[in-house]
Every structure is written in structure tokens, then in C-alpha cells.
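Here is a short, friendly tour to read with the model open beside you. Take a moment to turn it around before you start.

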Amino acid sequence: MSAQQQTGAGQSVPAMEDSIEMILEDHGRILPTNKPHPIVSACTGALLTGIYGLWSLFALPGFRKIPFRLKVPYLPSSKDQMQNVMKLLEGRKGRLADLGSGDGRLVFAASSAGFQCTGFEINSILVAYARSKACWSGVPSSQATFVKKDFWKTDLSSFNNVTAFLAPGVMEVLEEKLLKELPDDAHVIACRFPFPNWPKKSSVGSGLDQTFAYDINTVRTHLRNTPSTPKK
């Protein structure tokens, strides 16, 4: 998942807070006193600052350009998630857009399977890393391209395959965008968080690694035949 947009989701922040709490708990067990040694306190503060700085370096660049409700901190896909995505892409071909491509791991996996991939990412550090890896690995740009671009402001109509590992809060907004832009033969895969109003074609895995596949033509037919209910 990328640093794109609410977006991979209030999960990185809680994870950051949990890490800080664990460090403080360990500190309390080692020095059970109401007045910790000033040197230890300074070192702990420096450590926490460093952890937060490293996290911010990867999670936050580009966020100022994205509306708050669409922000998603970087959260990389697991190996099982990538395998599940590739299973749902079996039998497919053509152009693939990875929305919030992060370090590019899914783009590389899909390009090796014959897709012409474009990874959209707003974090310049992750884009640079993915481009460097593509160069080192000898992957041609015709197979894997990484662009520092906000996919929310990009027309995706030229892609017939789309993958997304974002956050629950943006999936309904993404539904509207993809329905407007994608061709009827498009295939969409969502990692971990399904689209709330779309009937899934299939799914693979379970828990945090579950992935969902959607056929755009089937989705459009379903929505045309389903009476709309006013939003509260």
C-alpha cells in the first residue's frame, strides 16, 4: 500500500503508537523508578524521535497535495497478498495500474507475468527506490513504469487491469472513479479492503491477506438492476 491517499488508513499511526508504548513499557521494567536517569531519558527521546522521523520519511511525503479524506500512509503488501493478487490475475493480460504502488513489489510481480504496468505513487522516495530497483534488475520501462502522480487526478481509462491496496474510508470514493473511467472489460483487484457496493467475482485468502476481484461489466449490470437507496 502506498503513501497515496486516508488512504493504507489509520493503521500506520496506531502501529506507530503501539511501538512507542512498547518501548516505554520496556524502559519502565528496566528502570522501575519514578525518576528515570536523565541520560536514559535523553536516549529514549532520541530513539523515539528517530523512529518517528524514519516513519514520516516514507509515509508522509506528498500528503500536503492530497485531500485529508483520501490520504493513506505507506503499508507494504505481504508476500501472501501478492501471491493472492497474482492468482486473481491469472488468464488476464494488457495494461495494469497499481494505485499507490509503494516500493513497487506488486508492479514487479505483475510485469514478470507479462503485464504492462504503471505504478502510481506520490511518495518521491518510494518512486525513486522503485525506479532504481527496476534499473538494477534490468526491467524495461515498457513492462514497469513508476510515476510520481496522484491517481485521483489521473484518467485511468487506458487500463484494463487495476490493483489497489488502500483503506476502507476511500473505497467507496474509488468505486465512483473507476466506474466512470474503466472500460467494460476491466478487472479490478482490491487487497484486504473490499469495495462496499460492488459484487465480487471471486476472492482468495483470508484475514489481512484476503484479496477481492471484480469485473467492471458485471458491476455495472448489477448496479443498473439494483434500486439505489438515498444516502443518510
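Which residues have the most contacts inside the largest nonpolar core? They are Leu99, Leu174, Val188 and Phe195, in a core of 45 residues. Please keep in mind that this is a predicted model.

## The overall plan

Let us begin with the layout. The protein has seven helices and seven strands. Starting at the N terminus, the order of elements is α-α-α-β-α-β-α-β-β-α-β-β-β-α. The protein has 232 residues, and 43% of them count as buried.

## The sheet

The seven strands make up an open sheet with mixed pairing, and their order across it is 3-2-1-4-5-7-6. At the edges sit strand 3 (144-148) and strand 6 (202-204), each of which pairs on one side only. From one strand to the next, the twist averages 20°.

Strand 1 is a good place to look more closely. This strand, residues 95-99, runs parallel to strand 2, residues 116-121, and five bridges join the pair. You can follow the register by eye: arginine 95 has glutamine 116 of strand 2 as its bridge partner, and alanine 97 stands opposite threonine 118 in strand 2. Strand 1 is also mostly covered, with four of its five residues buried.

## Leucine 99 and the core

Leucine 99 is among the residues with the most contacts inside the largest nonpolar core. What does leucine 99 touch, leaving aside residues up to four places away in sequence? Its contacts are Phe120, Phe151, Leu156, Val162, Thr163, Ala164, Phe165, Leu166 and Leu174. One of these, Leu174, is itself named with leucine 99 among the residues with the most contacts inside the core.

Valine 170 is another residue to find, and it lies in helix 6 (residues 168-181). Is valine 170 buried or exposed? Its relative accessibility is 0%, so valine 170 counts as buried. Valine 170 and phenylalanine 193 are 23 residues apart in sequence, while their C-alpha atoms are 9.7 Å apart in space.

## A pair of packed helices

Two packed helices are described by the angle between their axes and the distance between the axes. For helix 3 (residues 79-88) and helix 4 (residues 105-112), the angle is about 35° and the axes are 10 Å apart. The crossing of helix 3 past helix 4 is right-handed.

Which residues make this contact? Helix 3 brings Met82, Val85 and Met86, and helix 4 brings Arg105, Leu106, Ala109 and Ala110. Sorted by character, the residues of this contact are six nonpolar, no polar and one charged.

## Two loop residues to visit

Arginine 192 is found in the loop between strand 5 (187-191) and strand 6. Most residues other than glycine have a negative phi. Phi of arginine 192, however, is near 70°, a positive value. Why does arginine 192 count as buried? Buried means under 20% relative accessible area, and arginine 192 counts as buried because its relative accessibility is 16%.

Aspartate 209 lies in the loop between strand 6 and strand 7 (211-215). Not counting residues up to four places away in sequence, aspartate 209 touches Ser78, Asp80, Gln81, Asn84 and Val204. The C-alpha atoms of aspartate 209 and cysteine 191 are separated by 7.2 Å, although the two residues are 18 residues apart along the chain.

Conventions:
Residues are numbered from 1 along each chain as its sequence is written. This is a predicted model: local features need pLDDT of at least 70, side-chain atom pairs count only at pLDDT 80 or more; totals for chains, interfaces and linings use all residues. Side-chain values use heavy atoms; hydrogens and water are left out. Two strands pair if DSSP finds at least two bridges between them. Axes are lines fitted to C-alpha atoms, for helices over the stretch in contact, and angles run from 0 to 180 degrees between N-to-C directions. A crossing is left-handed if the near helix is turned anticlockwise from the far one by less than a right angle, and right-handed if clockwise. Contact means heavy atoms within 4.5 Å. Ala, Val, Leu, Ile, Met, Phe, Trp, Tyr, Cys and Pro count as nonpolar, Asp, Glu, Lys and Arg as charged, and the others, Gly among them, as polar. A nonpolar core is a set of buried Ala, Val, Leu, Ile, Met, Phe, Trp, Tyr and Cys residues joined through side-chain atoms within 4.5 Å. Buried means under 20% relative accessible area, exposed over 50%, partly exposed in between (1.4 Å probe, protein chains only).
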